[in-house]
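This report describes the cysteines, one helix and its surroundings, and a few single residues of a protein chain. Please look at the sequence and the model first.

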Amino acid sequence: ALARRLPMLIERRPGKKHYWLQLAGSYLHMNRPRQAAAVLSVAHHTGLLREPADIIRLAQLFRQAGVPRMGCEVLQNALGEQRISGTPENYEMLADAWLQAREARRAARVVQRRAEIQSCCKSRLRLGQLLVELEDWPAARDQLQRAASERCRGVREKAQLLLGIAAYHSGNVEDARKAFAQARQAPDLRGQAEGWLRILDTPGLPVERHEG
């Protein structure tokens, strides 16, 4: 019933952004994401959603509607035009949206930017993980070595596991062995690390080399 009434209310008072957001929410509730995205797109292009909270909500609704790329464009433009602040949290949200859009390379660039703003162990680990997925082994090792430092106690072992994988694919078996030996100290990673160590101990192991 609300979805039928709201278009009439919007026609009478098109400047009421609350009506547009309610209509989009109603469509999402009815599992009609395309209609929700269309409503949001019109509201955005008519200039109704300009406040930082509106932009963030708009991007989140685009993601809920199954069109994360539109959410990425909204966030990226707003960050570029400084309509929302370039906080680590907002860059994190943009990275998540790019990942949902299956754009890991773009997500990695955003996480890199986030790490430049506020270098923290978790962001270095996440960037390293994305670079491992992209098979960018040298860049992955650089980030993971930072995340595996003594000060990064919360993520150290996870970083060591990924560092071992990156080292192996770079052709550095001994570095990989050392990293896996460190990673197996974490109970939840022991099985994976020992599995990799068994692989390294396999006679005639074909070592992959991907330096580029």
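The text below takes up the cysteines, then a helix and its partners, then two loop residues.

The model is predicted, so local features need pLDDT of at least 70, side-chain atom pairs count only at pLDDT 80 or more, and totals for chains, interfaces and linings use all residues. Residues are numbered from 1 along each chain as its sequence is written, and side-chain values use heavy atoms, with hydrogens and water left out.

**Cysteines**

A disulfide is a covalent bond between the sulfur atoms of two cysteines. Here the term is applied to a pair of cysteine sulfur atoms within 2.5 Å. How many disulfides does a search of the whole structure find? The search finds 1 disulfide, and this disulfide joins C121 to C152 with an S to S distance of 2.0 Å. The pair links distant parts of the chain, 31 residues apart: C121 is in helix 8 (residues 121-133), while C152 is in the loop between helix 9 (137-147) and helix 10 (156-169). Helices are DSSP runs (H or I, at least four residues), numbered from the N terminus. The torsion about the S-S bond of C121 and C152 is about -75 degrees, so the disulfide is left-handed.

Both C121 and C152 are buried. Buried means under 20% relative accessible area, exposed over 50%, and partly exposed in between (1.4 Å probe, protein chains only). C72 is also buried, with a relative accessible area of 0%. Why is C120 not bonded to C121? The closest cysteine sulfur to that of C120 is in C121, at 6.8 Å, which is too far for a bond.

**Helix 7 and its partners**

Helix 7 (residues 104-117) has 14 residues. From its first C-alpha to its last, helix 7 reaches 20 Å, close to the 20 Å expected at 1.5 Å a residue; the expected span is 1.5 Å times one less than the number of residues. The buried residues of helix 7 are A104, A107, A108, V110, V111, R114 and A115. They cover an arc of only 165 degrees around the axis, which puts them on the same side of helix 7. The arc is that of the directions from the helix axis to the C-beta atoms.

Helix 6 (88-100) and helix 8 are among the elements that cover these buried residues. Helix 6 and helix 7 pack at an angle of about 170 degrees, with their axes 8 Å apart. Axes are lines fitted to C-alpha atoms, for helices over the stretch in contact, and angles run from 0 to 180 degrees between N-to-C directions. Helix 6 and helix 7 are therefore roughly antiparallel to each other, a term used for angles over 145 degrees. Residues making the contact (heavy atoms within 4.5 Å) include Y91, W98 and L99 of helix 6 and A107, R114 and I117 of helix 7.

In helix 8, S123 is buried, with a relative accessible area of 3%. Leaving aside neighbours within four places in sequence, S123 is in contact with V111, R114, A115 and Q118.

**Two loop residues**

N31 and Q82 are listed with their places and accessible areas.

| Residue | Loop | Relative accessible area |
|---|---|---|
| N31 | between helix 2 (17-29) and helix 3 (33-45) | 66%, exposed |
| Q82 | between helix 5 (68-80) and helix 6 | 69%, exposed |

N31 has phi near 60 degrees, a positive value in a residue other than glycine. For Q82, also not a glycine, phi is near 60 degrees and thus positive. The C-alpha atoms of Q82 and A107 are separated by 20 Å, and the two residues are 25 residues apart along the chain.

Definitions and conventions: Helices (H or I, at least four residues) and strands (E, at least two) are DSSP runs, numbered from the N terminus. Angles under 35 degrees count as roughly parallel, over 145 as roughly antiparallel, 65 to 115 as roughly perpendicular and the rest as oblique.
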